[in-house]
Amino acid sequence: MRSVLAAHVGVAPGELVFGREEKGRPFLRHPGAPDFNLSDTHGGTLVALCRQGRVGVDLERLDRAPPVDRLSRRWFSTQEADALQLMDPESARQAFLRLWTAKEASCKATGTGIFRYTPRWRFDVQADTPVLLELPADAGDAARWLFFRLSPSREHTAVLALRDAAPPRLTGYLLAG
Ligand SMILES: CC(C)(COP(=O)(O)OP(=O)(O)OC[C@H]1O[C@@H](n2cnc3c(N)ncnc32)[C@H](O)[C@@H]1OP(=O)(O)O)[C@@H](O)C(=O)NCCC(=O)NCCS
């Protein structure tokens, strides 16, 4: 992570100085440094940066098989959990991963943490690229947000959530295992 970030700050990797926001979100303590966020899972790590605004990322393995009904009742809105319950198990598993990555990336962009916040971020259950339906009041206006679905490898899926950012030029990404 240091070597990726250092190239954008203009210092040696070992010289980077990090801070943490109240809920643990890391940031670079260098004037004019980009905002960044990181997600780690089996088989890879994704680091995203943005020069303007804030970014959140979540990376998950596509083969994850979480207890969909229990987790969606705990972490999703009632509408989303009800919609998943009506699906066949494989469709519900895939929809769960789509929603989870969108919600976690959004919470990581704001830095609120996931507790009490994931149900308040609502997305279209069917859409692959996240389509925002509702967001917490303290996340700002919906028009300030952009979402992208990334496929960094055959085994992974990820969401990039951006607030107040210029439309990004995605020049490519590399999943470091
Ligand atoms: C804990 C949990 C939210 C994810 O944790 P995780 O796997 O460590 O998350 P990620 O790898 O995406 O992100 C961790 C990084 O985010 C950053 N981060 C930490 N706090 C943050 C915050 N408040 N906001 C934004 N980013 C933050 C840090 O860089 C952290 O890395 P570090 O620990 O090395 O400092 C999640 O696993 C969980 O609680 N799950 C319970 C529900 C569940 O099982 N859902 C199903 C998932 S498919």
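Okay, let's start with a tryptophan. Trp75 touches Thr118 and Pro119, if you skip residues up to four places away in sequence. Keep in mind that what you see on the screen is a predicted model. Trp75 sits in helix α2. Is Trp75 buried or exposed? Trp75 counts as buried, because it has 20 C-beta neighbours inside 10 Å, and 20 or more is what the label buried asks for. Now find Phe115 as well. Trp75 and Phe115 are 40 residues apart along the chain, and their C-alpha atoms are separated by 8.1 Å.

While we're in α2, let's look at its partner. Helix α2 covers residues 68–75 and helix α3 covers residues 78–85, and the two pack at an angle of about 165°. Their axes are 8 Å apart. How do α2 and α3 run relative to each other, roughly parallel or roughly antiparallel? An angle over 145 degrees counts as roughly antiparallel, so that is the word for α2 and α3. The crossing of these two helices is left-handed. Which residues make the contact? From α2 we have Val68, Asp69, Ser72 and Arg73, and from α3 we have Glu80, Ala81, Leu84 and Gln85. Sort them by class and you get 3 nonpolar, 2 polar and 3 charged residues. So try colouring that contact by class when you open the model yourself.

Next up, the core. The largest nonpolar core has 38 residues. Inside that core, the residues with the most contacts are Val57, Leu99, Leu160 and Ala161. Several elements each supply at least two residues of this core, among them α1 (2–9), β4 (44–50), β5 (54–61) and β8 (145–153). Helices α2 and α3, which we just looked at, are on that list too. Which element gives the most? That's α4, with 9 residues.

Let's zoom in on one core residue, Leu160. Leave aside its neighbours within four places in sequence, and Leu160 is in contact with Ala48, Val55, Val57, Ala105, Phe148 and Leu150. Val57 is a name you've heard already, as one of the residues with the most contacts inside the core.

Now for a leucine in a strand. Leu132 lies in strand β7. Leu132 has 19 other C-beta atoms within 10 Å, so it is partly exposed. Buried would take 20 or more. Leu132 touches Phe123, Ala142, Trp145 and Phe147, again not counting residues up to four places away in sequence. For a sense of distance, Leu132 and Leu71 are 61 residues apart along the chain, with their C-alpha atoms separated by 20 Å.

Compare that with a leucine in a loop. Leu62 is in the loop between β5 and α2. Leu62 is partly exposed, because 13 other C-beta atoms lie within 10 Å. Setting aside neighbours within four places in sequence, Leu62 is in contact with Leu97, Glu155, His156 and Thr157. Leu62 and Ala6 are 56 residues apart in sequence and 30 Å apart in space, C-alpha to C-alpha.

Last stop: a few residues outside the helices and strands. Arg144 is in the loop between β7 (132–134) and β8. With 14 other C-beta atoms within 10 Å, Arg144 is partly exposed. What does Arg144 contact, once neighbours within four places in sequence are left aside? The answer is Arg163 and Asp164. Arg144 and Asp164 are 20 residues apart in sequence, and 5.2 Å apart in space, C-alpha to C-alpha.

Asp164 itself lies in the segment after β9 (156–163). Asp164 counts as partly exposed, because it has 14 C-beta neighbours inside 10 Å. Check its backbone too: phi of Asp164 is near 60°, a positive value in a residue other than glycine.

Where else can you look for a positive phi in a residue other than glycine? Try Arg116, where phi is near 70°. Arg116 lies in the loop between α4 (89–110) and β6 (122–123). Arg116 is exposed, because it has 10 other C-beta atoms within 10 Å, and 12 or fewer earns that label.

That's my tour, thanks for listening!

Key
Residues numbered from 1 in each chain as written. Predicted model: local features only at pLDDT ≥ 70, side-chain atom pairs only at ≥ 80, totals over all residues. Helix = DSSP H or I, 4+ residues; strand = E, 2+ residues; numbered from the N terminus. Axes fitted to C-alpha atoms, helices over the stretch in contact; angles between N-to-C directions. Parallel < 35°, antiparallel > 145°, perpendicular 65-115°, else oblique. Left-handed = near helix turned anticlockwise from the far one by under 90°. Contact = placed C-beta atoms within 7 Å. Nonpolar A, V, L, I, M, F, W, Y, C, P; charged D, E, K, R; others polar. Core = buried A, V, L, I, M, F, W, Y, C linked by C-beta atoms within 7 Å.
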